[in-house]
Amino acid sequence: MRSVRAKRALGTGLAVLVGMGMAVQSRINGQLAAELADPVLAAVISFGGGLVLLLATLAVSPRMRRGVGRVTSALRTGGLRPWHLLGGLAGATLVLGQSVTVVVIGVALFTVGVVAGQTVSGLFVDKAGLGPGGARAPSLPRVVGAVLTVLAVAGAATGGLGDAEAGTVLLLILPLVAGGGMALQQAFNGHVGAVAGSPLTAALVNFTAGTAVLVPAWLGVLTFRGGPVAWPGNPVLYLGGLVGVVFIATAALLVSRIGVLLLGLASVAGQLVGSVLLDLFVPTAGVEVRAGTVLGCAVALFAVAVASVGGRGRTGAVLRESRT
């Protein structure tokens with residue numbers, strides 16, 4: 001039991017660190033979109049960059065290639081369903097949301113919008129057993145943690161938006177939708193990673209699906225708006241894909257160990273901390289961190305601590321017993 005708790009704590013801590021990296025990705029993609037004046041192209045560069053990196057890794061990684069073979073075989077035999085390959089659609093929505101909204105509302109508010117969608121969606125995804133770890137009943141600590149997180153989001157959004165215009169408030173819809181999709185993304189990628197025996201193979205499938213959607217979308221935009229006038233010279237702005245690869249691969253590895261809900265809460269906690277630090281110390285012009293946002297982030301962190309002691313619900317135990 002002690003080793004199980006230690007592994008859960010380690011997995012939760014790793015998810016928090018990866019979440020902090022996602023806050024950095026949000027800032028990178030938001031700034032790239034602003035300098036290109038084209039959020040869809042910024043999303044293509046982020047996802048496409050990650051795909052190129054994974055394809056290069058595939059060329060030198062026998063484990064990844066074996067993983068691709070296992071995924072193909074599982075699709076033929078029914079071990080994987082076709083929709084398990086579509087997690088990248090949610091990732092594409094997230095990256096597009098970063099590119100469209102971050103420079104307007106800031107990393108912190110974008111992140112709290114993702115929290116709301118991801119927390120609620122994570123409860124239902126775990127309950128329905130859509131992740132590779134099977135069904136996880138919504139134990140009391142997990143439900144309390146989820147409720148606290150939603151309250152934290154409400155407080156942070158209220159304090160952070162202040163007297164913002166209605167159009168700015170509506171921008172929170174994108175991160176809400178993206179957050180809801182992220183729970184499904186983590187569940188589907190977890191299935192792919194479990195079958196492949198390689199989290200990088202799961203990341204490759206994810207980035208292939210996302211890029212396949214974003215490229216035609218950008219070509220449609222290109223027809224009406226044309227390409228960018230100039231390309232940013234800062235090389236850091238082209239590293240969003242690398243951060244995304246680390247996030248997707250790590251999430252695919254962790255989801256079967258700590259569940260969709262706890263993975264989502266922990267990674268979001270990391271995003272909240274990272275986003276507030278970025279908005280405080282590397283602020284975007286016109287974005288102000290308010291006390292309500294900081295308080296909301298603190299409550300969300302406490303919510304993660306509460307949810308992390310919930311363990312696996314009775315549904316998971318029943319499933320384990322039925323397999324023995």
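**Exercise 1. Decide whether Gly91 is buried or exposed, and place it in the fold.**

Step 1. Gly91 has a relative accessibility of 5%. Buried means under 20%. Gly91 therefore counts as buried. This is a predicted model, and the values here are computed from it.

Step 2. Find the element. Gly91 lies in helix 4.

Step 3. List the partners, leaving out residues up to four places away in sequence. Gly91 touches Phe47 and Gln185.

Step 4. Set sequence against space. Gly91 and Gln186 are 95 residues apart in sequence. Their C-alpha atoms are 9.6 Å apart.

**Exercise 2. Work out where Ser121 sits and what its side chain reaches.**

Step 1. Ser121 is also found in a helix, namely helix 4.

Step 2. Its relative accessible area is 15%, so Ser121 is buried.

Step 3. Leave out residues up to four places away in sequence. Ser121 then touches Gly180 and Ala183.

Step 4. Look at the polar partner. The side chain of Ser121 reaches the backbone oxygen of Gly180 at 2.8 Å.

**Exercise 3. Check the spans of helix 2 and helix 7 against 1.5 Å a residue.**

Step 1. Take helix 2. It has 22 residues. The expected span is 1.5 Å times one less than the number of residues. For helix 2 that gives 32 Å.

Step 2. Compare with the model. The end C-alpha atoms of helix 2 are 32 Å apart, which agrees.

Step 3. Repeat for helix 7. Its 24 residues should span 34 Å. The end C-alpha atoms are 34 Å apart, so the check agrees here too.

Step 4. Inspect one end of each helix. Asp38 caps the N-terminal end of helix 2. A side-chain oxygen of Asp38 lies 3.3 Å from the backbone nitrogen of Val40. Just after helix 7, Gly197 takes a positive phi of about 70°.

Step 5. Ask how enclosed helix 7 is. Of its 24 residues, 17 are buried, so helix 7 is largely enclosed by the rest of the structure.

**Exercise 4. Describe the largest nonpolar core and say which helix gives the largest share.**

Step 1. Start with the general rule. In soluble globular proteins, nonpolar side chains tend to be buried together.

Step 2. Count the members. The largest nonpolar core holds 47 residues. Leu94, Phe207 and Leu272 touch the most other members.

Step 3. Find the sources. Elements giving two or more residues to this core include helix 1, helix 2, helix 4 and helix 7. Helix 4 gives the largest share, eleven residues.

Step 4. Zoom in on Leu272. Set aside its neighbours within four places in sequence. Leu272 is in contact with Thr111, Val112, Val115, Cys297 and Ala300.

**Exercise 5. Summarise the whole chain, then say where confidence is lowest and highest.**

Step 1. Count the elements. The chain has twelve helices and zero strands.

Step 2. Look at burial and surface. Of the 324 residues, 52% count as buried. The accessible surface comes to about 13900 Å², and 70% of it belongs to carbon and sulfur atoms.

Step 3. Check the contacts. Among those between residues at least 6 apart in sequence, 86% join residues at least 24 apart.

Step 4. Read the confidence. The mean pLDDT is 80, and 83% of residues reach 70 or more. Confidence is highest in helix 3 (residues 62-77), at a mean of 95. It is lowest in helix 12 (residues 314-323), at 37.

Step 5. Look at the chain end. Over residues 312-324, pLDDT stays under 50. The model has 16 contacts beyond four places in sequence for this stretch.

Notes. Residues numbered from 1 in each chain as written. Heavy atoms only, no water. Core = buried A, V, L, I, M, F, W, Y, C linked by side-chain atoms within 4.5 Å. Buried < 20%, exposed > 50% of the residue type's maximum accessible area, 1.4 Å probe, protein only. Helix = DSSP H or I, 4+ residues; strand = E, 2+ residues; numbered from the N terminus. Contact = heavy atoms within 4.5 Å. Areas by Shrake-Rupley, 256 points an atom, 1.4 Å probe, with all protein chains shown as cover. pLDDT = per-residue confidence, 0-100. Polar contact = N/O pair within 3.5 Å; in protein donor to acceptor, adjacent residues only side chain to side chain.
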